[in-house]
Amino acid sequence: MPVLPMCRHASPRWNLAPASEAGWSCGDCRTVLGFRPDLDRSETRHKVQAVLLTLHDMDLLYIGNATEGELVCAAVAARCHREDRFDQVSIARFILDDPTVDAESHAMYWAQRASGDIPAPVPAGSFDELFAASPPMPARAIRRRDRR
Ligand SMILES: [Zn+2]
């Protein structure tokens, strides 16, 4: 990671700036770095991570864990370089296109739920009622469970 020329720190940070793409600052001393195409290229993963975390924090999409987030960041950063696009709108588009995020499955699931092709899941809290309504567990199954 390059040392930042203005403050000599090495922690570039991206803050969302959709109208200007001038969101770079130093993560250590907060020196404003602004629009920096050189950092867009050398620190692409920082910028991708900031956009991904924003989408996650605003509850637009769900990233299950850090490993999944890193996979998405690596793939999207590589696509930024392949397509020579480093603006945050393209980054958001690439994130939503990413196979790990799998927006298409999300869309298909909710379309099928809306049409009734997939039944609604059992609401939390009603499992006790379902269990009470089901026939008693066979004695053989209970004995097998108790042996463990
Ligand atoms: Zn600094």
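So, contacts along the chain: if you take those with a separation of 6 or more, 42% of them join residues 24 or more positions apart. Keep in mind that this is a predicted model.

Here's one example of a long reach. L52 and I95 sit 43 residues apart along the chain, yet their C-alpha atoms are separated by 7.1 Å. Where does L52 live? You'll find L52 in helix α2, which covers residues 44-57. Skip its neighbours within four places in sequence, and L52 is in contact with I63, G69, V72, C73 and, yes, I95.

Is L52 buried or exposed? The cut-off for buried is 20 or more other C-beta atoms within 10 Å, and L52 has 24, so L52 counts as buried. Across the protein chain, buried residues come to 16% of the 148 residues.

Okay, zooming out. The protein chain has seven helices and three strands. Reading from the N terminus, the order is β-β-β-α-α-α-α-α-α-α.

Now the strands. In general, strands of a sheet pair through backbone hydrogen bonds, either parallel or antiparallel. Which one do we have here, parallel or antiparallel? Antiparallel: the three strands make an open sheet, ordered β1-β2-β3. β1 (12-14) and β3 (32-34) are at the edges with a single partner strand each, so each has one side without a neighbour in the sheet. On average, neighbouring strands of this sheet are turned by 30° against each other, ignoring direction.

Last stop, the pairing of β1 with β2, residues 24-26: that's antiparallel, over three bridges. If you want to find one of them on screen, look for R13, whose bridge partner in β2 is S25.

Conventions:
Residues numbered from 1 in each chain as written. Predicted model: local features only at pLDDT ≥ 70, side-chain atom pairs only at ≥ 80, totals over all residues. Helix = DSSP H or I, 4+ residues; strand = E, 2+ residues; numbered from the N terminus. Buried ≥ 20, exposed ≤ 12 C-beta atoms within 10 Å, placed from the backbone. Contact = placed C-beta atoms within 7 Å. Pairing = 2+ DSSP bridges. Axes fitted to C-alpha atoms, helices over the stretch in contact; angles between N-to-C directions.
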